Amino acid sequence: RNGFAARPIASITKVMTALVLLENQSDFSLDVVISPQDVYRSSTTYLRRRERISLENLLHLTLIASDNAAARAIARTSRFGTDDFVERMNRKAIELGLDETRFVDPSGLDEGNVSSPFDVARLVVLAASDSKISRVMRKPDYEFRTSRRRVRIRNTNRLVRGRYIVQGGKTGYIDEAGYCLAAVVTLPNIADPIAVVVLGAGSNSRRFSEVRRLVDWVLDEGKSLVAPENHRNR
């Protein structure tokens, strides 16, 4: 439909994890106990087994630090359990018309989490329009306490420490996906924010330089990128 095949999106998956969490949870002060399964082969995590942490801080870890154990804990401790939580992620994708998007786990570590640039752009725009998610994704860093210790994290999205006004964004990386980045940026003299998606960049720095190049092109041209909703069949 949009000219791009679905491909692994790694931790951009966590944007949908956050959306499903917010749709089904109102009390973010609730504490969660981290299980050994949450941290097992989690690749990136600040968490330790059997420590307690609030859902609010799990959300921050998921979106700011791209913490895989945090995303797993969110799904596992939901009232649905992990499998049904992931199914709700897929139902949400269908509801949003993300036809080339499929989720198999809540963290993005599995290469079976796939989407297209078009779908990812729509997903990150929706997330950035949610005030709670946007507020979290825009933070350059964050500090909190678990039941045992104080933790400080930095945003994996370097754009929030740059010259752009970032409404939201998410990084992702696994070997099968390459370096990925989706961001929603507000620009001067352009009415609507723009969504920029890079999937499969060859390095961490390359994904950011590609997004900056695209955003700078928009600034130089003085107009927005083509709105995908109006050009689906081209």
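Which residue just after H3 takes a positive phi? Ser66 does, with a phi of about 55°. Let's start with that helix and work outwards, with a few notes on how to read the views.

This is a predicted model, in which local features need pLDDT of at least 70, side-chain atom pairs count only at pLDDT 80 or more, and totals for chains, interfaces and linings use all residues. Residues are numbered from 1 along each chain as its sequence is written, and side-chain values use heavy atoms, with hydrogens and water left out.

**View A. Helix H3 and its surroundings.** H3 covers residues 55-64, and 9 of its 10 residues are buried, so the rest of the structure largely encloses this helix. Buried means under 20% relative accessible area, exposed over 50% and partly exposed in between, using a 1.4 Å probe and protein chains only. Among the buried residues are Asn57, His60 and Thr62, along with Leu58 and Ile64. Helices (H or I, at least four residues) and strands (E, at least two) are DSSP runs, numbered from the N terminus.

**View B. Helix H1 against helix H3.** The axes of H1 and H3 come within 9 Å and cross at roughly 160°, which means that H1 is roughly antiparallel to H3. Axes are lines fitted to C-alpha atoms, for helices over the stretch in contact, and angles run from 0 to 180 degrees between N-to-C directions. Angles under 35 degrees count as roughly parallel, over 145 as roughly antiparallel, 65 to 115 as roughly perpendicular and the rest as oblique. From H1, look for Lys14, Val15, Ala18, Leu21 and Leu22; from H3, Leu55, Leu59, Thr62 and Leu63 make the contact. Contact means heavy atoms within 4.5 Å.

**View C. The largest nonpolar core.** This core has 55 residues, and those touching the most other members are Met16, Leu47, Leu58, Leu59, Leu61, Ile133 and Ile153. Helix H1 (residues 13-24) gives the most to this core, with 7 residues. A nonpolar core is a set of buried Ala, Val, Leu, Ile, Met, Phe, Trp, Tyr and Cys residues joined through side-chain atoms within 4.5 Å. Zooming in on Leu58, and leaving aside its neighbours within four places in sequence, you will find it in contact with Val32, Ile34, Leu47, Ile53, Ala70, Ala73 and Ile74. Apart from the largest core lies another, of 17 residues, including Leu187, Ile190, Phe208 and Val211.

**View D. The sheet of E7, E8 and E9.** Here an open sheet of 3 strands runs in the order E7-E8-E9, with antiparallel pairing. E7 and E9 stand at the edges with a single partner strand each, so one side of each has no neighbour in the sheet. The twist averages 10° from one strand to the next. Two strands pair if DSSP finds at least two bridges between them; E7 (residues 165-174) and E8 share 9 bridges, while E8 and E9 (residues 194-201) share 6. Follow Tyr179 of E8: Tyr173 stands opposite, and so does Ala201 in E9. Strand E8 (residues 178-186) is mostly covered, with 7 of its 9 residues buried.

**View E. Helices across the sheet.** H6 (residues 117-128) lies across E7, E8 and E9, at about 130° to E9. H8 (residues 204-221) also lies across these strands, running at about 150° to E9.
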